[in-house]
Amino acid sequence: MNNNIKGLLLIIFGMLLFIVQDTLIKLTVNDLSLLQILAFRATVGSLILIFYLLYTKQNIVFSSAYPYVAVFRGLSFFFGFLLFFISLSRNIDGIDLSSKILFKFILVLELISKFITAFKTYNSS
């Protein structure tokens with residue numbers, strides 16, 4: 001399979017997973033707290049990642065060459081998803097819009113940190 005087609009199918013599959021996730025959150029947000037939803041999402045995501053790494057026979061590494069970037073990335077995702085899930089659980093347009101804008105801003109910061117990490121890795125080799 002061509003890499004472009006494979007990449008396109010993976011992007012569509014990822015978007016489908018986010019749609020399913022958002023739908024499940026909208027259905028369960030009245031019964032569970034947001035932190036329970038975040039913990040469950042993190043557990044499911046970690047299990048999927050571990051099974052993928054075991055399936056592809058890759059090493060599971062819990063260290064980082066840039067620990068501050070890893071901590072920043074983790075906190076950014078936590079607060080970003082927390083605000084995004086708050087916006088999904090509320091019907092107030094002002095909160096919904098501001099939370100989504102902040103979530104996208106945090107994702108842009110995450111993307112910038114990944115580029116910086118990749119740039120430093122490329123220049124050090």
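This report walks through the fold, the aromatic residues, the largest pocket and a few single residues of a predicted model.

## Overall architecture

Let us start with the chain as a whole. Its secondary structure consists of four helices and zero strands, and reading from the N terminus the order is α-α-α-α. The chain has 125 residues, and 18% of them are buried.

Two further totals help to fill in the picture. If we take the contacts between residues at least 6 apart in sequence, 62% of them join residues at least 24 apart. The accessible surface is about 9,900 Å², and carbon and sulfur atoms account for 72% of that area.

## Aromatic pairs

Now for the phenylalanines. How many aromatic pairs does a search of the whole structure find? The search gives two. One is formed by F77 and F81, whose ring centres are 6.0 Å apart; their planes meet at 15°, so this pair is stacked, as an angle under 30 degrees is needed for that label. Both residues belong to helix α3, and because they are four residues apart there, about one helical turn separates them. What sets the two partners apart is their cover: F77 is partly exposed, at 30% relative accessible area, whereas F81 is buried, at 6%.

The other pair joins F78 and F79. Here the ring centres are 5.1 Å apart and the planes make an angle of 70°, so the arrangement is edge-to-face. How well covered are these two? F78 is partly exposed, with a relative accessible area of 34%, and F79 is also partly exposed, with 43%.

## A charge over a ring

F81 has another partner besides F77. The charged end of R41 sits over the F81 ring, at 3.9 Å from the ring centre. F81 therefore combines a buried position with a stacked ring partner, F77, and a charged group from R41 over its ring.

## The largest pocket

R41 also takes us to the largest pocket. This pocket has a volume of about 1,700 Å³. Its lining is made up of 40 residues, and those nearest the centre are R41, A42, V44, G45 and S46. Which elements give two or more residues to the lining? They are α1 (3-28), α2, α3 and α4 (93-124). Helix α2 gives the most, with 14 residues.

R41 thus appears twice in this report: its charged end sits over the ring of F81, and R41 is among the residues nearest the centre of the largest pocket.

## Two buried serines

Two serines are worth a visit. S87 is located in helix α3 and is buried, since its relative accessible area is 2% and the limit for buried is under 20%. Along the sequence S87 and F103 are 16 residues apart, while in space their C-alpha atoms are 9.8 Å apart.

The second serine, S113, is found in helix α4. S113 has a relative accessibility of 8% and so counts as buried. Leaving out residues up to four places away in sequence, S113 touches V69 and R73.

## An exposed loop residue

Finally, have a look at K57. Where does K57 lie? K57 is in the loop between α2 (34-55) and α3 (67-89). K57 is not a glycine, yet its phi is positive, at about 60°. Is K57 buried or exposed? K57 counts as exposed, because its relative accessibility is 75%. K57 therefore joins a positive phi with an exposed position, in contrast to the serines above, S87 and S113, which are both buried.

How values were computed:
Residues numbered from 1 in each chain as written. Predicted model: local features only at pLDDT ≥ 70, side-chain atom pairs only at ≥ 80, totals over all residues. Heavy atoms only, no water. Buried < 20%, exposed > 50% of the residue type's maximum accessible area, 1.4 Å probe, protein only. Phe/Tyr/Trp six-rings, centres within 6.5 Å; stacked < 30°, edge-to-face > 60°. Lys NZ or Arg CZ within 6 Å of the ring centre and 35° of its normal. Contact = heavy atoms within 4.5 Å. Areas by Shrake-Rupley, 256 points an atom, 1.4 Å probe, with all protein chains shown as cover. 1 Å grid on protein atoms, 1.4 Å probe; cavity = no way out; pocket = protein on both sides within 12 Å on 5 of 7 lines; lining within 4 Å. Points joined across faces, edges and corners; volume = space filled by probe spheres on them.
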